[in-house]
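Hi everyone, thanks for making time today. I'd like to walk you through a structure that may be new to you, so please have a look at the picture as we go.

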Amino acid sequence: MHGNGPAGTKPGITKTPERPAIRKPLAAIRQHALVQMFKPEKAKFAASAAATWLMPGLRGEGIISPFQTFTPASAPLGRIGPLEVRLAQTKGDVKRAQKLRYKVFYKDGTAIADAATMLAQRDKDAFDKICDHILVVDHDAKPSLSGKQPVVGTYRLLRQDVAERHGGFYTDDEFDISGLMERHSGLKFLELGRSCVLPPYRTKRTVELLWHGVWSYVRRHNLDVMIGCASFEGTDPDRLALPLSFLHHFARAPEAWRASAHPSRRVDMNRIAKDDVDTKAALKQLPPLIKGYLRIGAFVGDGAVVDHEFGTTDVLIVMPVSSISGRYLDHFGVDATRHAA
């Protein structure tokens, strides 16, 4: 769920190459559905590199409903005017998403590219092969040299059943989520990551389409809980003392939904006493992605992690279906029928 990059995945940025296998196999699962996001806004949607949090709010323009049929997989998940959201179907589609991520994370953002990444001009890692990728395509934009319409937004999705077969979630690198998943072994988890949107497209239309794509995916696979990393720009926790302390005191997950950063990477978020936290000032310092998650009922894990590769400080977001704010469900409908054609 990095998206300063849920996600983006990460829900928003998500990162690096290979990593150790998951520490413990996770139990099988099942149940209801949801996935989330993002705040409604009346006027302009101002987004930074994390403009991936999804926001309700369009009126008067229809979106193709993904719920009329779940076949074929290549069919558009939704559409508003020239913008279409769909799943990547080919290696070429994934490469286009990787090129977009490179531009947003490395060229325009704070991520530091190694030689291979600079040469490829793509943000890629081992997870890309096992994840599904949501793409937003602009059919009115000038085609590339290959004749393809440009990908202007993307999200990377990893289901628990797939993660279990390939060594676990990306989030495992930073946070020990094994206990969380064992406590909720009857639920299906979805990891969101590597989300990003080109600056000119950080609008209600694009965000609405990303939501529509993620939500249709969640419904299709009957998922229950969203997890992922959300990022602050910068790698100095002392400069982030106020917003980190705010999250620790006012948004930390209850025990049943709590997971902690790995001890070897953990940065304490409790840097200012609760009574000394200026909540208004802290809220102003929260990235839009994190603020959007909190508005719809997300929890934050225990401890943060500094990611020097991406130049960020990451927190864990946990979004159970049961905690989603009712007004967001009402907006889209429990079965995402609001935009049915």
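Let's begin at Lys129, which sits in the loop between α2 (115–120) and β3 (132–138). Is this lysine buried or exposed? Lys129 is exposed, with a relative accessible area of 79%. Lys129 also has company: together with Lys91, Lys95, Lys99 and Lys124, Lys129 forms a positive surface patch. Please keep in mind that what we are looking at is a predicted model.

Let me step back for the overall picture. The protein has 341 residues, and 58% of them count as buried. You can find nine helices and 12 strands in the protein. As for the surface, about 13900 Å² is exposed, and carbon and sulfur atoms supply 52% of that area.

Now for the inside. Have a look at Val85, in strand β2 (residues 83–87). Its relative accessibility is 0%, and anything under 20% counts as buried, so Val85 is buried. Which residues does Val85 touch, if we leave aside its neighbours within four places in sequence? The contacts are Pro76, Leu77, Gly78, Ile134, Leu135, Val136, Leu209 and Gly213. There is also a pairing across the sequence here: Val85 and His212 are 127 residues apart along the chain, yet their C-alpha atoms are 8.0 Å apart in space.

Gly109 gives us another pairing of this kind. You'll find Gly109 in the loop between α1 (91–107) and α2. Gly109 and Gly311 are separated by 202 residues in sequence, while the C-alpha to C-alpha separation in space is 8.7 Å. Gly109 counts as partly exposed, at 29% relative accessibility. Not counting residues up to four places away in sequence, Gly109 touches Lys103 and Val104.

I've kept a helix for the end. Why do we describe α6, residues 241–250, as largely enclosed by the rest of the structure? Because eight of its 10 residues are buried. Those buried residues are Ala241, Leu242, Pro243, Leu244, Ser245, Phe246, Leu247 and His248. And what do the buried residues of α6 pack against? Among the helices, there are α7 (279–285) and α8 (288–295). Among the strands, there are β7 (225–233), β10 (299–300), β11 (304–307) and β12 (312–320).

That's my tour, from an exposed lysine to a largely enclosed helix. Thanks for listening!

Key
Residues numbered from 1 in each chain as written. Predicted model: local features only at pLDDT ≥ 70, side-chain atom pairs only at ≥ 80, totals over all residues. Heavy atoms only, no water. Helix = DSSP H or I, 4+ residues; strand = E, 2+ residues; numbered from the N terminus. Buried < 20%, exposed > 50% of the residue type's maximum accessible area, 1.4 Å probe, protein only. Areas by Shrake-Rupley, 256 points an atom, 1.4 Å probe, with all protein chains shown as cover. Contact = heavy atoms within 4.5 Å. Patch = residues over 30% accessible without salt bridge, like charges linked within 9 Å, V, L, I, M, F, W, Y side chains within 5 Å. Salt bridge = Lys/Arg side-chain N within 4 Å of Asp/Glu carboxyl O. Lys, Arg positive; Asp, Glu negative; His and termini not counted. Charge placed at Lys NZ, Arg CZ, Asp CG, Glu CD.
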